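Please examine the sequence and the three-dimensional structure shown below. The paragraphs after it are meant to be read with the structure in view.

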Amino acid sequence: MVEAWYSWNLATQEATQSEINASRIAEARRRLGESHSVAVLTGAGISAESGIPTFRGADGLWRKYSPQELATPQAFARDPKLVWEWYDWRRGLIAGAAPNAGHRALVEFESRQSPFTLITQNVDGLHDLAGSKNPARLHGDIWTLRCTACGREEHNRQVPLPDLPPECRCGAMLRPGVVWFGEGLPEPVWRRAVDAARGAETFLLVGTSATVYPAAGLVEVAREAGAHIVIVNLEPTPLDGLADTLFNAKAGEILPRLL
């Protein structure tokens, strides 16, 4: 009898939650349909759904190092080969991943919505593979190599790289084209992101813990400008209180229904 009651109660709760989500999705879809401008900020969560580790926390440890120890200018200056071994390993993991339903939903929505700005904290290039046009990459691109001397950049998806550290045509070392801890965001990209957040009538935060600044601050910029805020993240975030519509769910489950 107790087991039967428990099963009934659990089923009732799941049905109620499903109805709540359906209502929220309908409301968010209505607001999106009425919005003349939309901006989206994505984070590691949407890539995790494609099987890419977050590289933060316990699951982010490589050998005995954490990302905070390796992704810095100081670490690269001290031991560039070690840093490149980690990035080469990461590139290998990412190369085997494919865009998921969340990435594809954003591409489909972009084809119908203008203006639309996709802002991402991710460096894996999955938005590009899915077909997104010119995403604002706040933290750079792991497939870009940048010369430490002449500043030349090249797109390179070779896995593994034949020589570590790789060299530029000028003979100097190349570094990953990403933003390391302690470095500022690229100013043109950041300005574009701020302008998009400020001008958005609806702003979506997708798959991010909203703890990494200044990127997380874009939600506050959009809110202050009067945007309708939609948050889609599996776990609660510190910015949930700013959301008009909140989904504690996977991007791949919600975005296709939402967009």
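The following paragraphs discuss a sheet, one of its strands, a cavity, a pocket and a single serine.

The model is a predicted one. A suitable place to begin is the open sheet, which is formed by six strands in the order β3-β2-β1-β7-β8-β9. The pairing in this sheet is parallel. Which strands stand at its edges? They are β3 and β9, the latter comprising residues 245-247. Each of these two has a single partner strand, so one side of each is left without a neighbour in the sheet.

Strand β2, residues 116-120, deserves a closer look. On one side, β2 is joined to strand β1, residues 38-42, by five bridges, and the two strands run parallel. Individual pairs can be located within this arrangement: Ala39 stands opposite Thr117 of β2, and Val40 has Leu118 as its bridge partner. Strand β3, residues 136-137, is also joined to β2, in this case by two bridges, and again the strands run parallel. Here Ile119 stands opposite Ala136 of β3.

How are the side chains of β2 directed, and are they buried or exposed? In a regular strand, side chains alternate between the two faces of the sheet. In β2, Phe116, Leu118 and Thr120 point one way, whereas Thr117 and Ile119 point the other way. The residues of both groups are buried. Strand β2 is accordingly described as mostly covered, with five of its five residues buried.

Thr120 of β2 also leads to the next topic, as it is among the residues that line the largest cavity. The structure holds one cavity of 30 Å³ or more, and the volume of the largest cavity is about 50 Å³. Its lining consists of Thr120, Asn122, Val123, Asp124, Gly125, Leu126, His127, Asp128, Arg137, Gly140 and Asp141. The elements that give two or more residues to this lining are α7, residues 126-130, and β4, residues 140-147. The largest share comes from α7, which contributes three residues. By class, the lining of the largest cavity has two nonpolar, five polar and four charged residues.

Two of the residues in that lining, Arg137 and Gly140, appear again in the second largest pocket. This pocket has a volume of about 270 Å³. It is lined by 18 residues, and those closest to its centre are Arg137, Gly140, Arg146, Pro186 and Val189. At least two lining residues are supplied by each of β3, β4, β6 (174-178) and α8 (187-199). The element that gives the most to the lining of this pocket is β4, with four residues. The lining of the second largest pocket divides into six nonpolar, five polar and seven charged residues.

The final stop is Ser37, which lies in the loop between α1, residues 2-34, and β1. Why is Ser37 classed as buried? Its relative accessible area is 11%, and a residue counts as buried when this value is under 20%. Which residues does Ser37 touch, leaving aside residues up to four places away in sequence? They are Gln113, Pro115, Gly199, Ala200, Glu201 and Thr202. With Gly199 there is also a polar contact: the backbone oxygen of Gly199 lies 2.6 Å from a polar atom of the Ser37 side chain.

Methods
Residues are numbered from 1 along each chain as its sequence is written. This is a predicted model: local features need pLDDT of at least 70, side-chain atom pairs count only at pLDDT 80 or more; totals for chains, interfaces and linings use all residues. Side-chain values use heavy atoms; hydrogens and water are left out. Buried means under 20% relative accessible area, exposed over 50%, partly exposed in between (1.4 Å probe, protein chains only). Two strands pair if DSSP finds at least two bridges between them. On a 1 Å grid over the protein atoms alone, a cavity is a set of points where a 1.4 Å probe fits but cannot get out, and a pocket is an open set with protein on both sides within 12 Å along at least five of seven lines; lining residues have an atom within 4 Å of a point. Grid points are joined across faces, edges and corners, and a volume is the space filled by probe spheres set on the points. Ala, Val, Leu, Ile, Met, Phe, Trp, Tyr, Cys and Pro count as nonpolar, Asp, Glu, Lys and Arg as charged, and the others, Gly among them, as polar. A polar contact is a pair of N or O atoms within 3.5 Å; within protein, one must be able to donate a hydrogen and the other to accept it, and residues adjacent in sequence count only if both atoms are side-chain atoms. Contact means heavy atoms within 4.5 Å.
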